[in-house]
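Please open the model in a viewer and follow the stops below in order. Each stop names a selection and then states what is found there.

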Amino acid sequence: MNATTISPRTASTETPLVEAIGVRKRFGHHEVLRGVDLTVRRGEVVCLIGPSGSGKTTLLRTLNHLETIEHGMIRIDGRLIGYRQERDRLHELAPREVCRRRERIGVVFQHFNLFPHMTALQNIIEAPVGVRRMPRKDALEEARRLLERVGLADKAGSYPSQLSGGQQQRVAIARALAMHPDLMLFDEPTSALDPELVGEVLAVMRDLADSGMTMIVVTHEIAFAQQVADRVVFMADGVIVESGPPEQVIGNPQNQRTREFLQAVL
Amino acid sequence: MSARRGAEGVLIPEDSGISTLPRLDMPLSVPPADLTVVRRRAPWPWVLAAVAVAALGAFLYGMATNPALDWSETATYLFRPEVLKGLWVTIQLSVISTAAGIIIGLVIALWRMSTNRVLKTLALVYIALFRSVPVLVQLLIWGNIGLIIRNVSLGIPFTDIRFFSIPTNELVGPFTAAVLGLALAESAYIAEVIRAGILSVDAGQLEAASALGMTRGRTMRRIVLPQALRVMIPPLGNQFVTLIKGTSLVSVIAGGDLLTQVVNISATSYRVIEMLTVAVFWYLIIVSLATIGQYFLERRLSRGVKR
């Protein structure tokens, strides 16, 4: 990524890109999200950290309606995600409409979820061609550019099974970027990787952050959060316990829970 | 406490749990790194193989020299026009019924997995019905469908308005009856094969597809089915082979298939065993071809899959 890209971080601060207000979600009797408020500005990089079961992954998944919610609302770029409003009620949208609204939200999963029957290149162009109706030639051209950007120009014809975990995850990032997302969601992108492969994926993410992409990252990589995040959000038991710049949340945590967690993982 | 020396000369107490390991009882004349390892010999498979080969040989010899079997006579019937016509009907029945079975089976499988209770129940009833009734009985019913439904007509239900009307017997001849009977029975089994295939696809694939904005139909076509197909091919191949042989049942409704033809010939020539041998020969050939086809299909579909 070239360094001359003007960071939009200073631009349009008026409407936040992500607005989650009072989000509640339960699985059976267990309430995983107990009223979460999260606002993310354009160009901001937010890292969600917290013990397992704290609801951070669920929160991330509600942001593009991979999970439904029971209360509250989520708006991306000022538009409700997954629901439409009728007076004081939110009605779930038809699947087709849900799809349209999340086209501009890229998701990177813990287990990559590349399509195993397609090559790296085919994985990347599948949605631009099939969903966006982009001409195949343009999509291929862009896919090659993206592969180069994630350092895998020579792997265009490889099937996922022929790639290492780190390479698969980088293809998955390229695949998400091919849809020109306004927002990228990362769900523990390095948790399923061998330790020596974590670095290459984090490097791609860092590069993406530097280019001004708005990112929400659920991660256990505290060092990455410290270096790359504009804001670190610590969650526990379905609520946001502490939120602020990394120097504060990681460097000088105010809350007892945060301190305990960081002591355990650092 | 008793102890012994292990391979490396380390003292191992007898109660350490390691004592069950084989010990090097005799002194070595070579360094341990140069020890030759000899694979365990299993003599019984060889003995069994020899017995089996001998038995097969004896059987084949008996067949070849059996005076009741006229082999040269059999050969002359192999390519008789009636036989080849019957063979062609058998192939058509197999291919058309399987194709129709897959299309109907896919619909039934999707209904079966639908969240719509009514469709789900309909699919369950359909599968139960067509799997419970023997195919032979189903074929007989379709062969005699004209007795139940005299005319097939298009009109407005519960009125006397008819746009056209055809006697069922003109519409459903033996071949159509055979296809209906086989395809519908087949579709019930194929629906379950397809369902199993679809369920075998990782849920993460669906999430990835929907996160990319793909609709459910598109996800099914582009992501789920291609992966499910790989799992479905072995059981589908099995179904196809079973169906090829199942087509012989249509001889009960004069379906004109291979068996119908050879039975007809044997009725006039009294060469029963020879004609059955002709049928055996052709069934063997087409099933072998189908099996080879399945092998290549499986290879093609396993692109990107590491074993």
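Begin with the lining of the largest cavity, which by class comprises eight nonpolar residues, one polar residue and one charged residue. The model is a predicted one.

**Stop 1: the largest cavity**

In chain A, select Ile105(A), Gly106(A), Val107(A), Phe109(A), Ala172(A), Arg175(A) and Ala176(A), and add Ala208(B), Ala211(B) and Leu212(B) from chain B; together these residues line the largest cavity. Now colour strand 8 (105-108) and helix 5 (165-177) of chain A, and helix 9 (203-211) of chain B: these are the elements that contribute two or more residues to the lining. The space enclosed here is about 80 Å³. Within the selection, Arg175(A) is the charged residue and Gly106(A) is the polar one.

**Stop 2: the second largest cavity**

How many cavities of 30 Å³ or more are there? The count is two. For the second largest, select Thr62(A), Ile69(A), Met73(A), Ile74(A), Leu80(A), Ile81(A), Tyr83(A) and Leu90(A), which form its lining. Its volume is about 30 Å³. The lining of this second cavity holds seven nonpolar residues and one polar residue, with no charged residues; Thr62(A) is the polar member.

**Stop 3: the interface of chain A and chain B**

Next, display the residues of each chain that lie in contact with the other. Chain A brings 26 residues to the contact and chain B brings 22. The size of an interface is often expressed as the accessible area lost when the parts come together. Between chain A and chain B the buried area is about 2100 Å², and carbon and sulfur atoms account for 57% of it.

Turn on polar contacts between the chains: seven residue pairs are in polar contact across the interface, both residues of each pair being at pLDDT 80 or more. On the chain A side, select helix 2 (95-102), strand 8 and helix 3 (120-130), each of which supplies at least two residues to the side that touches chain B. Which of the elements of chain A gives the most to that side? Helix 2 does, with four residues. By class, the chain A side divides into 14 nonpolar, five polar and seven charged residues.

**Stop 4: salt bridges across the interface**

Three salt bridges are found across the interface of chain A and chain B. To view one of them, select Glu126(A) and Arg218(B), whose side chains form a salt bridge with an N to O distance of 3.2 Å.

Technical notes
Residues numbered from 1 in each chain as written. Chains lettered and ligands numbered in written order. Predicted model: local features only at pLDDT ≥ 70, side-chain atom pairs only at ≥ 80, totals over all residues. Heavy atoms only, no water. 1 Å grid on protein atoms, 1.4 Å probe; cavity = no way out; pocket = protein on both sides within 12 Å on 5 of 7 lines; lining within 4 Å. Points joined across faces, edges and corners; volume = space filled by probe spheres on them. Contact = heavy atoms within 4.5 Å. Buried area = accessible area lost by both parts, 1.4 Å probe. Salt bridge = Lys/Arg side-chain N within 4 Å of Asp/Glu carboxyl O. Polar contact = N/O pair within 3.5 Å; in protein donor to acceptor, adjacent residues only side chain to side chain.
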